[in-house]
Amino acid sequence: MTEALVEIDDLKVHFPIKSGLLFDRTVGYVYAVDGVSLTIKRGETYGLVGESGCGKSTLGRGLLRLVEPTSGGITFDGTDVRALKGEQMRQFRRRMQMVFQDPMSSLDPRQSVESLLVEGLKAHGLGASAGERLRSTLDSVGLPASALTKYPHEFSGGQRQRIGIARALVLGPDLIVADEPVSALDVSIQAQVVNLLGDLQDQLGLTYLVIAHDLAVIRHISDTIGVMYLGALVEEAEAGQLYERPLHPYTRALLSAVPIPDPQVEDRRERMLLAGDLPSPANPPSGCRFRTRCPWSQPRCAEERPALRVFDDSGQRVACHFAEEILSGSLLPHEVRPELVRPDADTAAGVEAELIPTRNDIPTP
Amino acid sequence: MPPLLDVRELSVVFQRKGTRPVTAVDGVSFTVEPGQTVGLVGESGCGKSVTSLAIMGLLPRRGNKVTGEVRFEDTDLLQLRPRDLRDWRGRDIGMIFQDPLSSLNPVIPLGVQVAEVLERHQGRTRQAALKQARELLDAVGIPDPARRLKEFPHQLSGGMRQRALIAIALACKPRLLIADEPTTALDVTIQAQILTLLKELVDDSGTALVMITHDLGVVAGLCDTVNVLYAGKVVERAYRHDLFAEPRHPYTHGLLQSVPRLDVDRGERLHQIRGSVSDNIPWPEGCAFAPRCDRVVDDCIGETVPLEPTFRAGALRCANPVPKEVAV
């Protein structure tokens, strides 16, 4: 058992919805991340999956304090990150770096690769020894030293993502948060970047938090996987285990929705189609967040929000009241009742501006 | 029986004054039988979207040259005047675009957008068309269609917008439907909903479908035959079972091996195709994929490798194909 590098305890990131002409009044909150606790062990890859709008990117940014969390604790290698102030925090960021999704918009088109990479070193007072460091970093991401004088537009998508990774690596961080590192890339290039991330981890002993919506990619690179739904973790397990035995109904649905490039499998496979769309995080359903789309939902699910609990000895954690019953088959799925979540009278009272519309489909017949 | 759609040697060259011409589509031929689902697969820049736009006559009027034939039954769509082509679009050929938000008009209620297709092609009155629009929205699984008719696109979720777009495309019961990356902008659970819907509609109405996608998984579950495009040319064509069981072109083979799969054990490393899509040589000077290919031989460079027929209506453009027993 390796030690924990990052511990996140009940992290919440709420964004206020402001409204009003003269004075900004807060009329509600978007509960982007609502009580997530997880532990990332040193040297492992933690994968976060979920659909768009589930708060996985906000969690990654909240961890680096790129957005300020509303509450909760972040411990990084024994240091309480949330207690750090100004200059201390800035210095601390050297140890945790980020790789962004879109390599084109996250690299300044008017900066050469050298100046992109040196910027971070200078900010941390390491500018003096830059030359050697830049070359070895570029070498480790598979780019020639001649790339230093070029500009981002001269590179292909895959190479740009390598520059993004080099920029994160050059400071020698312990943790890299990679937000959708391959989703903007072509299929044949994805494999190159996935392999590169793996190689770098082996060489440098890095710890990754990889955020992605592609379950197949996440499964391939992660040691532990957390599944997020509407701001909360619904399930967490070792990668193989999660795919072997998904416990949460949402995880099951996600896994069954991923197309597999094999007609033999596609023709025979049973699909679990979820009804409707993700509810609005500004107005989440009461109790279990997933209950409006869950084929197994029970009255208890509306009243009590299930906590993420350890399921058995395997360490798999699940946030579902009925995980055992669903697994054993004693609780059978039913047709999901259509339900439209509309703003209540009490939240809507005295609000002039429009509320964020809740989108909630009625299941297809 | 002649095929429903017969695309022969379709080429699209983009050229502006003072720039080098770019051949986006380079002699693509394929046929679609009535009721069949045909896939066009490839990565960005391989010409799959331009092919669909050329078939529909939706490319900008200036700056490009379209050659070849697009036979829809007995009519060459490329020879039609734009105003005549308008009669075909929407009535005989429907199209679904990738991004449903930008394909719907943001300032017109959804109902009107569905109804106008019916008014244009079937001469319905607005009243009658709206009534039918409600049934169409209901058929594609949009809840509470009467209310949705009056709503605007921004009030719908991504999945519902895509459903609305499908309703518009299918309004006149076209015999051919072209879907250009219909699920790329959607989440996986919504993607599964839309694909299931498309499959049902196509099966029920007997509409032929041309499915354009980069996702091999989508193709595996949906298409009858698959055309793999690379740098503007078809490099491999086969029935889906043949293609996935025995990909012969090194590009197809490499693609299939480079995708991590959910249903197999986690391997240590993914197979990677080296280089990137821009590392290719022009087709007249050899195989465009040669610089990235692991199986490159002398025959690959020098002249265009021809597309040779293989068994069961398949075809392959490769001088040194992956032998059958090595294939995945």
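# Working through chains A and B

Let's start with how chain A is carved up: domain 1 covers 4-222 and domain 2 covers 229-354. Keep in mind that this is a predicted model.

## Exercise 1: The overall build of chain A

Work out whether the radius of gyration of chain A agrees with that of a compact globule.

Solution. Begin with the chain length, which is 365 residues. A compact globule with that many residues would have a radius of gyration near 21 Å. Chain A comes in at 22 Å, so the two agree. For the outline, the C-alpha trace spans about 65 × 60 × 40 Å along its principal axes. Next, look inside: buried residues make up 45% of the chain. Then check the contacts with a separation of 6 or more: 67% of them link residues 24 or more positions apart. As for secondary structure, chain A has 13 helices and twelve strands.

## Exercise 2: Where the two domains of chain A touch

Find which elements of domain 1 of chain A give two or more residues to the side that touches domain 2 of chain A.

Solution. First, get the spacing: the C-alpha centres of the two domains of chain A are 28 Å apart. Now count the residues in contact, which are 22 from domain 1 of chain A and 18 from domain 2 of chain A. On the domain 1 side, the elements you're after are strand 1 (4-19), strand 2 (25-41) and helix 7 (215-221) of chain A. Strand 2 of chain A gives the largest share, eleven residues. Sort that domain 1 side by class and you get twelve nonpolar, seven polar and three charged residues.

It's worth setting a record next to this. An unreviewed UniProt entry places "domain: ABC transporter" at residues 6-255 of chain A. That span is 35% helix and 29% strand, and its end C-alpha atoms lie 27 Å apart.

## Exercise 3: Reading a sheet in each chain

Trace the order of the eight-stranded open sheet in chain A, then pick out its edge strands.

Solution. Walking across the sheet, the order is 6-7-8-3-9-10-12-11, with mixed pairing. The edges are strand 6 (96-99) and strand 11 (309-310) of chain A, each pairing on one side only. Zoom in on strand 3 (residues 45-49) and strand 9 (residues 224-229) of chain A: they run parallel, joined by four bridges. To pin down the register, use Gly47(A), whose bridge partner in strand 9 of chain A is Ile225(A).

Now do likewise for the four-stranded sheet of chain B.

Solution. This open sheet of chain B has the order 2-1-4-5 and antiparallel pairing. Strand 2 (22-32) and strand 5 (75-76) of chain B are the edges. Further in, eight bridges join strand 1 (residues 5-14) of chain B to strand 4 (residues 64-72) of chain B. Here you can take Leu5(B) as a marker, since it stands opposite Phe72(B) in strand 4 of chain B.

## Exercise 4: Chain B meets chain A

Identify which helix of chain B supplies the largest share of the side that touches chain A.

Solution. Start with the head count: 45 residues from chain B and 44 residues from chain A take part in the contact. On the chain B side, the helices that each supply at least two residues include helix 7 (158-170), helix 8 (188-205) and helix 9 (216-222) of chain B. Helix 10 (240-245) and helix 11 (250-258) of chain B do so too. The winner is helix 8 of chain B, with seven residues. By class, the chain B side splits into 17 nonpolar, 19 polar and nine charged residues.

Methods:
Residues numbered from 1 in each chain as written. Chains lettered and ligands numbered in written order. Predicted model: local features only at pLDDT ≥ 70, side-chain atom pairs only at ≥ 80, totals over all residues. Rg over C-alpha atoms; globule rule 2.2 N^0.38 Å. Buried ≥ 20, exposed ≤ 12 C-beta atoms within 10 Å, placed from the backbone. Contact = placed C-beta atoms within 7 Å. Nonpolar A, V, L, I, M, F, W, Y, C, P; charged D, E, K, R; others polar. UniProt positions renumbered as here; feature names shortened; annotations may be inferred. Pairing = 2+ DSSP bridges. Domains from an automatic or database assignment.
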